[in-house]
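Got the viewer open? Load the model, switch to cartoon with side chains ready to toggle, and follow along one selection at a time.

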Amino acid sequence: MLTDDAPILIVDDDNLVRLGIRMTLEDAGFRNLQVAKSGSAAVRMALRHHPAVVLMDVRLGDGIDGVEAAQRICREHPCKVIFLTGSNETATQLRISATNAAGVLVKPILPQHLIGALEALPG
């Protein structure tokens, strides 16, 4: 099980989604949280803060998307990635399945699903 002091990086280009995820995790006792709103910022932060888990939105607007960002992060710093997506497109699902993802959560993400996904991760 993931400990509440494990570093977690939250990546989403939507401010309200990032804030909601952060508040949910803080309410659940997680304290070591970082946030990024773009794929390139996520890569930089991950290499600096070494998260145990990255909660990665797939579609991040301009620049590299979440799948590419996760692949870059994992090449340099092995960690668990849980993808967050509102897309059910086959192409997106295939790209996600080609990664070593620890999980996929479909938006809108319910707090109990988010916490359950983190609790299911091996320590």
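Is His50 buried, partly exposed or exposed? At 45% relative accessibility, His50 counts as partly exposed (buried means under 20% relative accessible area, exposed over 50%, partly exposed in between, with a 1.4 Å probe and protein chains only).

Before the next click, some housekeeping. This is a predicted model, where local features need pLDDT of at least 70 and side-chain atom pairs count only at pLDDT 80 or more, while totals for chains, interfaces and linings use all residues. Residues are numbered from 1 along each chain as its sequence is written, and side-chain values use heavy atoms, with hydrogens and water left out.

**Stop 1: around His50**

Stay on His50, in the loop between α2 and β3 (53-57). Helices (H or I, at least four residues) and strands (E, at least two) are DSSP runs, numbered from the N terminus. Check the backbone of His50: phi is near 50°, a positive value in a residue other than glycine.

Now select His77, which sits in the loop between α3 and β4. Leaving aside neighbours within four places in sequence, His77 is in contact (heavy atoms within 4.5 Å) with Ala46, Leu47, His50 and Pro51. His77 has a relative accessible area of 14%, so it is buried. Draw a C-alpha distance from His77 to Ala52 and you should get 9.3 Å, for two residues 25 apart along the chain.

Cys79 is the next pick, again in the loop between α3 and β4. With 14% relative accessibility, Cys79 counts as buried. Its C-alpha atom is 5.2 Å from that of Ala52, across 27 residues of chain. Beyond neighbours within four places in sequence, Cys79 touches Pro51, Ala52, Val54, Ile73 and Cys74.

**Stop 2: α2 against α3**

Two packed helices are described by the angle between their axes and the distance between the axes. Select residues 39-49 for helix α2 and residues 66-76 for helix α3: their axes come within 9 Å and cross at roughly 15°. That makes α2 roughly parallel to α3. For reference, axes are lines fitted to C-alpha atoms, for helices over the stretch in contact, and angles run from 0 to 180 degrees between N-to-C directions; under 35 degrees counts as roughly parallel, over 145 as roughly antiparallel, 65 to 115 as roughly perpendicular and the rest as oblique.

Which residues of α2 and α3 meet? Show Gly39, Ala42, Val43, Ala46 and Leu47 on the α2 side, with Ala69, Arg72, Ile73 and Glu76 on the α3 side. Coloured by class, this contact has 6 nonpolar, 1 polar and 2 charged residues. Here Ala, Val, Leu, Ile, Met, Phe, Trp, Tyr, Cys and Pro count as nonpolar, Asp, Glu, Lys and Arg as charged, and the others, Gly among them, as polar.

Step back along the chain to Ser38, in the loop between β2 (33-36) and α2. Leaving aside neighbours within four places in sequence, Ser38 is in contact with Val11 and Leu60.

**Stop 3: Leu84 and its surroundings**

Go to Leu84 in strand β4 (residues 80-85). How buried or exposed is Leu84? The relative accessible area is 0%, so Leu84 is buried. Sequence neighbours within four places aside, Leu84 is in contact with Ile21, Leu55, Met56, Asp57, Val58, Leu105, Lys107 and Ile109. For a long ruler line, join the C-alpha atoms of Leu84 and Arg44: they are separated by 19 Å and lie 40 residues apart along the chain.

Then hop to Thr92 in helix α4 (residues 90-97). Thr92 is buried too, given its relative accessible area of 9%. Its contacts, not counting neighbours within four places in sequence, are Val58, Arg59, Thr85 and Ser87.

**Stop 4: a cis peptide, then α1 and α5**

Zoom in on the peptide bond from Lys107 to Pro108, which is cis, with omega near 0°. Pro108 is in the loop between β5 (103-106) and α5 (111-119).

Finish by showing α5 together with helix α1 (residues 15-27): the two pack at an angle of about 65°, with their axes 10 Å apart. From α1, pick Ile21, Thr24 and Leu25; from α5, pick Pro111, Leu114, Ile115 and Leu118, and you have the residues that make the contact. By class, that gives 6 nonpolar, 1 polar and no charged residues.
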